[in-house]
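Me: I'd like to learn how to read a protein model feature by feature. Can you walk me through this one?

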Amino acid sequence: MRIIYMGTPDFAVPALDALAKAGHDIVAVYSQPPRPAGRGKNLTPSPVHQRAEAMGIEVRTPESLKDAAVQAAFATLDADVAVVAAYGLILPRAILDAPRHGCMNIHASLLPRWRGAAPIQRAILSGDNVTGVTIMDMAAGLDTGPMRAKYVTKIEGKTAGALTAELAQAGADLMVEVLDDVAQHPPMAQPDEGVTYAAKIAKAEARIDFTRPALQIERQVRGFNPFPGAFFEYGGERFRILTAQVEHEDGAPGALLDDALLIACGHGAIRPTLIQRAGKAAMTPDEMLRGFDMPAGSRVDG
């Protein structure tokens, strides 16, 4: 097939690779424009942009798809289908209708649960047992289009980073399967029941509130690993908890219950197993506490 590929972050790279490996003709890649990144805040192309250039594929980075000239240029590519994965721009009707088979999206949830911007993180934060990927035809609404295929996986204590990597590859494989025989994957309307929305993650959500149950805080740690990182403050410094386990101890929320960083929560306690001080490398609590004193009885601030 002649494919226009539309994606931006690391999540979207495996599908680009898989479609090329399957022998499809990727006529152009659309990605978000380069953004400032790194200490020097230099303009940096997105991961998909960089990968496409390395593959010798034309990359287009419009700020918007609403311009008539941009839409005309898209249509002249004469694509059979546009494959979309975490692209980040709204697709107007003229874009949705241009390819012969329309636009198909790799969405990282089991629709209609978790429509929207942050389905992986919201699934973890909400304590869902399973999640997955849905291949769907794109429509004018927010992730409302009919579905063609699904991949299901157990969350089982996975971090957002680990789950993103798994679903990125699963979505890539599933999209190749769908395009290999579109007729065998007819679109099915989403059910009206079970609709939820995955709002974009706000940085303020990463601050840990130790009055909440330890089980919820452990989900917060996994849901915000690697970004933005669930954190607390102690002695004027910020500490990101990267991994943690729940323990059945009680105390005043935020109190350190031992000399090995067991922190009391609203119900139960949380013990970080990998932690990062601001400006430092990630390390175990034992490693950190060799040179930094956080004694039992002191308190941390969420």
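Reply: Sure, let's start with surface area. Accessible areas here come from the Shrake-Rupley method with a 1.4 Å probe. With that in hand, the accessible surface of the protein chain is about 14,100 Å², and carbon and sulfur atoms hold 52% of it. Keep in mind that this is a predicted model.

Me: What share of the 302 residues counts as buried?

Reply: The cut-off you need is under 20% relative accessible area for buried, over 50% for exposed, and partly exposed in between. By that rule, 49% of the 302 residues are buried.

Me: And what about the overall dimensions and the secondary structure?

Reply: Along the principal axes, the C-alpha atoms fill a box of roughly 70 × 45 × 30 Å. The chain has eight helices and 15 strands. For a feel of how the chain folds back on itself, look at contacts with a separation of 6 or more: 63% of them are between residues 24 or more positions apart.

Me: Can we zoom in on one element? How many residues of helix 7 are buried?

Reply: Helix 7 spans residues 214–223 and is mostly covered, with eight of its 10 residues buried. Those are A214, I217, E218, R219, Q220, V221, R222 and G223. Next, ask what does the covering. The buried residues pack against helix 5 (119–125) and helix 6, and also against strand 12 (230–234), strand 13 (237–247) and strand 15 (269–277).

Me: What comes just ahead of that helix?

Reply: Have a look at P213, in the loop between strand 11 (197–198) and helix 7. P213 has a relative accessible area of 29%, so it counts as partly exposed. Sequence distance and spatial distance tell separate stories here: P213 and G266 are 53 residues apart along the chain, yet their C-alpha atoms are separated by 4.8 Å. Leaving out residues up to four places away in sequence, P213 touches C265 and H267.

Me: Now charges. How many salt bridges does the structure hold?

Reply: The general idea is that side chains of opposite charge can pair when their charged atoms come close. In this structure there are 17 salt bridges. One of them joins R51 and D17, whose closest N and O atoms are 2.6 Å apart. That pair links distant parts of the chain, since R51 sits in helix 2 (residues 47–54) and D17 in helix 1 (residues 13–21), 34 residues apart.

Me: Are R51 and D17 hidden or out in the open?

Reply: In between. R51 is partly exposed because its relative accessibility is 34%, and D17, at 27%, is partly exposed as well.

Me: Where should I look for another bridge?

Reply: Try R271 and D258, whose side chains meet with an N to O distance of 2.8 Å. This pair also links distant parts of the chain: R271 lies in strand 15, while D258 is in the loop between strand 13 and strand 14 (263–264), 13 residues apart. R271 has a relative accessible area of 17%, so it is buried. D258 comes out at 21% and therefore counts as partly exposed. Bridges can also share partners, as they do in the network that joins D78, D80 and R100.

Me: What about E233 and R238?

Reply: Their side chains form a salt bridge too, at 3.9 Å from N to O. E233 is partly exposed at 24% relative accessible area, and R238 is partly exposed at 40%.

Me: Which side chain of opposite charge is nearest to D143?

Reply: That would be R115, 6.7 Å away; D143 is buried yet has no salt bridge. D143 belongs to the loop between strand 9 (130–137) and strand 10 (147–154). Beyond its neighbours within four places in sequence, D143 is in contact with H107, L111, R115, G116, M136 and Q190.

Me: Where do like charges gather on the surface?

Reply: D173, E177, D180 and D181 form a patch of negative charge there. Among them, E177 is in helix 6 (residues 160–180). E177 has a relative accessible area of 42%, which means it is partly exposed. For the chain as a whole, the mean positions of the 30 positive and 35 negative charges are 4 Å apart.

Note on methods: Residues are numbered from 1 along each chain as its sequence is written. This is a predicted model: local features need pLDDT of at least 70, side-chain atom pairs count only at pLDDT 80 or more; totals for chains, interfaces and linings use all residues. Side-chain values use heavy atoms; hydrogens and water are left out. Patches are made of residues with over 30% relative accessible area and no salt bridge: like charges are joined within 9 Å, nonpolar side chains (Val, Leu, Ile, Met, Phe, Trp, Tyr) within 5 Å. A salt bridge is a side-chain nitrogen of Lys or Arg within 4 Å of a carboxyl oxygen of Asp or Glu. Lys and Arg count as positive and Asp and Glu as negative; His and the chain ends are not counted. The place of a charge is taken as NZ of Lys, CZ of Arg, CG of Asp or CD of Glu. Helices (H or I, at least four residues) and strands (E, at least two) are DSSP runs, numbered from the N terminus. Buried means under 20% relative accessible area, exposed over 50%, partly exposed in between (1.4 Å probe, protein chains only). Contact means heavy atoms within 4.5 Å.
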